[in-house]
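The following exercises concern surface patches, nonpolar cores and salt bridges. Please work through each task before reading its solution.

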Amino acid sequence: MSGEAVGERRRDALVIGGGIAGLTAAWDLVRAGLRPLLIEARGYTGGLVAAGSIGGARMDLGAEGFVVRGQAATSMLAELGLRTAAPHGRPRLFLPPLAPGTGEQLPQWGLHRFPDHAYLGIPADPLAPDVVAIIGQEAARRAAQDADLPGTVGTGPEDPADLASFVTARMGAGVLERLVRPIVAGIHSADPADLAADVVMPGLRRATAELGSLSAAVAAVLERRRARQDGAGGRSVDAAVEGGLFRLTDAL
């Protein structure tokens, strides 16, 4: 055992947390010839890229895809023997409908396609028909007031830093509850009230202050994404893993 007691194993590094960042760090350490020990308190690995069994089928419980930035993610997938694929169709929201002419929710539920021009549910045009269909006319009119607010609203150092407070200050509760909250919860497995806006959406608050509105800042983000897509020869900059993104955490 080379000086080791029976049952002991030498470790070269300690990785705390078995989310995607911790798994990637441990993988890099192993590739460098080290023997890391990874510890995770929740009893499962993956974090925001975790899997679970639903109806006997193993599937993603958190993120289902990722945005391609550089070659780091795609090269990792290739080295792990996984294949990338374009996302299949547009995601949908499962929400209760709104009573006509009111903001009250009815007991029945239905599917709604994600808005065409939105960033994590924040619309570039709050009055777009696909946005109004989800949040209702009253909430859409409140969200459109974002364009008339000073750029300083919700963006100052004294303002709450969480995403929920930022969205509510700019566009109101309708956008938060019917768009941002369910979409962010599905992607990040967390409530936007518990997430810092500058962490989830780096630079968006600053862009809102500079451009004068959150809708303008979102439009600028979407324009940059379109430019990246055009630069990639028209290929989508969004990607998924064949069989589910959870296969990445399994492989790691």
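**Exercise 1.** Determine which residues form the nonpolar patch on the surface, and which strands supply them.

*Solution.* Patches comprise residues with over 30% relative accessible area and no salt bridge, nonpolar side chains being joined within 5 Å. The patch consists of Leu14, Ile16, Leu37 and Ile39, with about 380 Å² of accessible area together. Strand 1 (13–16) and strand 2 (36–39) each contribute at least two of its residues. Leucine 14, found in strand 1, has a relative accessible area of 52% and is therefore exposed (over 50%; buried is under 20%, partly exposed in between; 1.4 Å probe).

The model is predicted: local features need pLDDT of at least 70, side-chain atom pairs count only at pLDDT 80 or more, and totals for chains, interfaces and linings use all residues. Residues are numbered from 1 along each chain as its sequence is written, and side-chain values use heavy atoms, without hydrogens and water.

**Exercise 2.** Identify which element gives the largest share of the largest nonpolar core.

*Solution.* A nonpolar core joins buried nonpolar residues through side-chain atoms within 4.5 Å. The largest has 36 residues; among those touching the most other members are Ile122, Leu163 and Met201. Helix 6 provides the largest share, six residues.

**Exercise 3.** Explain which parts the salt bridge between aspartate 191 and arginine 181 ties together.

*Solution.* The bridge (Lys or Arg side-chain nitrogen within 4 Å of an Asp or Glu carboxyl oxygen) has an N to O distance of 2.8 Å. Aspartate 191 lies in the loop between helix 6 and helix 7, and arginine 181 in helix 6, so the pair links parts 10 residues apart in sequence.

How values were computed
Patch = residues over 30% accessible without salt bridge, like charges linked within 9 Å, V, L, I, M, F, W, Y side chains within 5 Å. Areas by Shrake-Rupley, 256 points an atom, 1.4 Å probe, with all protein chains shown as cover. Helix = DSSP H or I, 4+ residues; strand = E, 2+ residues; numbered from the N terminus.
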